[in-house]
Amino acid sequence: MKTVKILKLAILPIFTVITLMAAPNAALADYLRSEGYGGEYRYELWSTDDGSNYYLKIWPKDADPQKDSYKTTRNFKSSRDALIYFDCNYAGKSLPECPKR
């Protein structure tokens with residue numbers, strides 16, 4: 001009887017620690033922040049769970065985002081940086097923020 005109580009007391013903290021260690025990884029997800037199009041392309045702007053990184057998924061304008069493959073960009077520190085990248089490199093806009101070529 002005493003052995004069972006000791007095992008219960010030992011196992012509970014072990015499972016608690018394992019659960020707490022696994023929970024942050026399981027809770028992380030990416031979130032769709034906005035979507036739109038420009039030029040011959042459409043995009044979805046995604047961010048990490050904590051909002052520290054943003055990236056774009058880009059398709060040709062006539063593609064079906066549910067079925068067709070897409071290009072994923074590198075990570076950006078802000079949604080503004082990601083959208084400027086899209087405007088300069090895909091939408092064909094000539095913004096002051098666009099790098100000179």
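D49 counts as partly exposed in this predicted model, because its relative accessibility is 31%, a value that falls between the limits of under 20% for buried and over 50% for exposed. This aspartate lies in the loop between β2 and β3, and from there its side chain makes a polar contact of 3.2 Å with the side chain of Y31. The fold also brings D49 to A29: although the two residues are 20 apart along the chain, their C-alpha atoms are separated by 5.2 Å.

The loop that holds D49 belongs to a hairpin, and the strands on either side of it are a good place to continue. In the hairpin of β2 and β3 there are six residues between the strands, and one of the loop's residues, G51, takes a positive phi near 75°. The two strands pair in the antiparallel sense over seven bridges, and if you follow the pairing across you will find L45 standing opposite L56 in β3.

On its other side, β2 meets strand β1, which covers residues 31–38, and these two strands also run antiparallel, joined by seven bridges. Here L32 stands opposite W46 in β2. The hairpin that β1 and β2 form has two residues between the strands, and in its turn G39 has a positive phi of about 60°. How many of the residues of β2 are buried? The count is five of the seven, so β2 is largely enclosed by the rest of the structure. When you look along such a strand, it helps to remember that in a regular strand the side chains alternate between the two faces of the sheet.

The helix α2 can now be added to this picture. Among its residues, A82, I84, F86, D87 and C88 are buried, and the buried residues of α2 pack against β1, β2 and β3. D87, which is found in helix α2, may draw the attention of a careful reader as the aspartate of that group; it is classed as buried because its relative accessible area is 18%, which is under the 20% limit. Leaving aside its neighbours within four places in sequence, D87 is in contact with G92, K93 and L95.

Which residues make up the largest nonpolar core? There are ten in all, namely Y43, L45, Y54, L56, I58, F76, A82, F86, Y90 and A91. The elements that give two or more residues to this core are β2, β3 and α2, and the largest share, three residues, comes from β3. A general tendency is worth keeping in mind here: in soluble globular proteins, nonpolar side chains tend to be buried together.

One member of the core, Y90, deserves a longer look. Y90 is buried, with a relative accessible area of 16%, and, not counting residues up to four places away in sequence, this tyrosine touches G38, G39, E40, Y41, I58, K71 and Y85. A search of the whole structure finds six aromatic pairs, including an edge-to-face pair of Y41 and Y90, with 5.0 Å from centre to centre and 80° between the planes. Because Y41 lies in strand β2 and Y90 in the segment after α2, this pair ties together parts that are 49 residues apart in sequence. Y41 is partly exposed, with a relative accessible area of 30%, whereas Y90 is buried. Both tyrosines belong to one aromatic cluster, which is formed by Y41, Y43, F76, Y85, F86 and Y90.

The last feature to follow is a covalent one. A search of the whole structure finds one disulfide, and it joins C88 to C98 with an S to S distance of 1.9 Å. The pair links distant parts of the chain, since C88 sits in helix α2 and C98 in the segment after α2, ten residues apart. The angle about the S-S bond is -90°, and the link of C88 and C98 is left-handed. Are the two cysteines buried or exposed? C88 is buried, with a relative accessible area of 12%, and C98, at 12% relative accessibility, counts as buried too.

Conventions. Residues are numbered from 1 along each chain as its sequence is written. This is a predicted model: local features need pLDDT of at least 70, side-chain atom pairs count only at pLDDT 80 or more; totals for chains, interfaces and linings use all residues. Side-chain values use heavy atoms; hydrogens and water are left out. A nonpolar core is a set of buried Ala, Val, Leu, Ile, Met, Phe, Trp, Tyr and Cys residues joined through side-chain atoms within 4.5 Å. Buried means under 20% relative accessible area, exposed over 50%, partly exposed in between (1.4 Å probe, protein chains only). Helices (H or I, at least four residues) and strands (E, at least two) are DSSP runs, numbered from the N terminus. Contact means heavy atoms within 4.5 Å. A polar contact is a pair of N or O atoms within 3.5 Å; within protein, one must be able to donate a hydrogen and the other to accept it, and residues adjacent in sequence count only if both atoms are side-chain atoms. Two strands pair if DSSP finds at least two bridges between them. A disulfide is a pair of cysteine sulfur atoms within 2.5 Å. Rings of Phe, Tyr and Trp (its six-membered ring) pair if their centres lie within 6.5 Å; planes under 30 degrees apart count as stacked, over 60 as edge-to-face and the rest as tilted.
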